[in-house]
Amino acid sequence: MQKLSIHGGVPLSGEVRVAGAKNASLPILAAALLTAEPVRVSNVPELNDVGTMIRLLERMGVAARRTPHAVDLDASAVSQPFAPYELVKTMRASILALGPLTARFGEARVSLPGGCAIGERPVDLHIKGLAAMGATIAIEAGYIHATASRLQGARVFMETVTVTGTENLMMAACLARGETVLENAAREPEVVDLARCLIAMGARIKGHGTDVITIEGVERLHGVEHAVMPDRIEAGTFLAAAAATRGDVTLAKAPVASLDAVLEKLREAGARIDVGADFIRLRMGARPKSVSIRTAPYPGFPTDMQAQFIALNAVAEGTAFVTETIFENRFMHVQELRRLGAAIDIEGNTALVHGVEKLTGAAVMATDLRASASLVIAGLVAEGETVIDRIYHLDRGYERIEARLGQLGARIARVS
Ligand code: UD1
């Protein structure tokens, strides 16, 4: 099994280009199910999760052709509106097939995701929303079986803000009869990117980026060429790594507008940040100061950046409170960070991070995608060698991380 070896202590420096957003690519690829015409998606990152989504679509009968950073899809001959457990269990975002399949084919059989490393993560709101739109839903042998002759527009209130839930229902509503209003909708930039792609396919959507999205259903959608937005979480991870190593890093093609909460916290930590239309330069001249964080739906501080900021706080001056409000059980990186010398206590959903002068390299294990990113940051700071096991978690969300951090001067290598 492959591992990542890092010899820490080098301040990151130089320029790196931000890849396309994983969490925008996945729903946009699923949106190809909504039309019989060709769809071309570009600026798609080369990630395991993208490969899983393409395999899932291919199993349904979608013709897919992948070229570097682009995917051509043709869903004119879908034979099986079915998402099997083997694929859904490796990637929860497979649930994004449910809405489009039900809307276009009147039927979907999608496995329930089951347990996952970062908590319970139910999909009840996806199901309730589709039911409100007139789908008949049965849970059979671990599968969601949805049927509908044609979905009907409806008013859907989601009691919790859910990103993929909002995306699923927005896609389904595009082909429903009449108007759908999604209340307490997710405002995440990836939802907005999906909405833009759907609008380019002929969908009638208003209010994306706010918490009330209105969709007027149409008879059919047409083909599209869409370039995916840059990945704000990847960008934030590079910036946190630059700050923790006291580096000087410029991100090119950065999703500047979607990073406000993260940039604000990096400034509070003492970083000097210059921003242009699509670049961000971060300079950190001294030891970072600790910054307290509370995760929240967008535009709040993203849960997907929580682990990386625990790593940053681990070497900062002072004590930080990091409160996770979105997912229970999302502190698994803490145990591993402690192996590197971090001083962190957990009380309920808050981690108390007492900054230490230095971390020391050790063998650690990645437990989930963002947890693994926090271990990389800690490894970049630690004295000596850090070896990270189970880096397939990292490959789900970061494209060629060792090459790109290597470009910034990090001493990092993939080893068997
Ligand atoms: C998406 C992102 C993930 C990110 C998360 C929160 C993708 C592919 N993944 O995940 O990287 O960490 O948003 O920003 O975009 N919930 C329910 N019922 C539901 C659905 C969700 O109770 O039917 C709860 C969840 O348990 C969680 C909260 O809502 O507590 C938010 O989850 P959600 O936004 O749905 O996360 P995902 O869309 O799975």
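This presentation describes a predicted model, passing from its nonpolar cores to its spaces, its sheet and several individual residues.

Colleagues, let me begin with the interior. The largest nonpolar core holds 76 residues, and within this core Met170 and Leu198 touch the most other members. Leu198 shows how such a position is built. When neighbours within four places in sequence are left aside, Leu198 is in contact with Ala31, Leu34, Met170, Met171, Cys174, Ala203, Ile205 and Leu221. There is also a second core, separate from the one just described, with 69 residues; among them are Leu259, Phe309, Leu375 and Leu394. As background, nonpolar side chains in soluble globular proteins tend to be buried together.

Leu394 brings us to the enclosed space, because that residue also belongs to the lining of the largest cavity. How many cavities of 30 Å³ or more does the structure hold? There is one. The largest cavity contains about 50 Å³ of space. Besides Leu394, its lining is made up of Thr237, Phe238, Ala241, Ala373, Val376, Ile377, Ile401 and Leu405. By class, eight of these lining residues are nonpolar, one is polar and none is charged. Three helices each supply at least two lining residues: helix 8, residues 232-244; helix 12, residues 369-381; and helix 14, residues 401-407.

Helix 8 also carries Glu234. Is this glutamate buried or exposed? Glu234 is buried, for its relative accessible area is 2%. Apart from neighbours within four places in sequence, its contacts are Arg17, Val18, Ala19, Tyr398, Glu399 and Arg404. I would ask you to find Arg17 and Arg404 in the model, as both are in that list.

Helix 12 appears again when we turn to helix 11, which spans residues 332-339. Which residues of helix 11 are buried? They are His333, Val334, Glu336 and Leu337. The cover over these buried residues includes helix 12, together with helix 10 (306-314), strand 20 (343-347) and strand 22 (363-365). In general, an α-helix has 3.6 residues a turn, so residues three or four places apart point the same way. After helix 11 comes Gly341, with a positive phi near 105 degrees.

Helix 10 has a neighbouring loop that deserves a remark. Between strand 18 (293-294) and helix 10 runs the loop that contains Pro299. The peptide bond joining Tyr298 and Pro299 is cis, with omega at about 10 degrees.

I now come to the strands. An open sheet is formed by four strands in the order 6-7-9-8, and its pairing is mixed. Why does one side of strand 6 and of strand 8 have no neighbour in the sheet? Strand 6 (82-83) and strand 8 (136-140) stand at the edges and have a single partner strand each, so one side of each remains unpaired within the sheet. For strand 8, five bridges link it to strand 9, residues 143-147, in the antiparallel sense. In this pair, Ile139 stands opposite Ile144 of strand 9.

Another antiparallel pair lies earlier in the chain: strand 4 (residues 63-67) and strand 5 (residues 70-74), joined by five bridges. Here Ala64 stands opposite Leu73 in strand 5. The two strands make a hairpin with two residues between them, and His69 in the turn has a positive phi of about 65 degrees.

Two further residues with positive phi merit attention. Asn43, which is not a glycine, has a phi of about 55 degrees. Asn43 sits in the loop between strand 3 (39-42) and helix 2 (48-60). With 21% relative accessibility, Asn43 counts as partly exposed. The other residue is Lys253, likewise not a glycine, whose positive phi is near 55 degrees. Its loop runs between strand 15 (248-252) and helix 9 (260-268). Lys253 is partly exposed, at a relative accessible area of 41%.

Lys253 leads to the final topic, an open space. The second largest pocket contains about 220 Å³ of space. It is lined by 15 residues, of which Pro230, Lys253, Ala254, Pro255 and Val256 are the closest to its centre. What classes of residue make up this lining? Ten are nonpolar, two polar and three charged. In the largest cavity, by contrast, the lining has no charged residues.

Key
Residues numbered from 1 in each chain as written. Predicted model: local features only at pLDDT ≥ 70, side-chain atom pairs only at ≥ 80, totals over all residues. Heavy atoms only, no water. 1 Å grid on protein atoms, 1.4 Å probe; cavity = no way out; pocket = protein on both sides within 12 Å on 5 of 7 lines; lining within 4 Å. Points joined across faces, edges and corners; volume = space filled by probe spheres on them. Nonpolar A, V, L, I, M, F, W, Y, C, P; charged D, E, K, R; others polar. Core = buried A, V, L, I, M, F, W, Y, C linked by side-chain atoms within 4.5 Å. Buried < 20%, exposed > 50% of the residue type's maximum accessible area, 1.4 Å probe, protein only. Contact = heavy atoms within 4.5 Å. Pairing = 2+ DSSP bridges.
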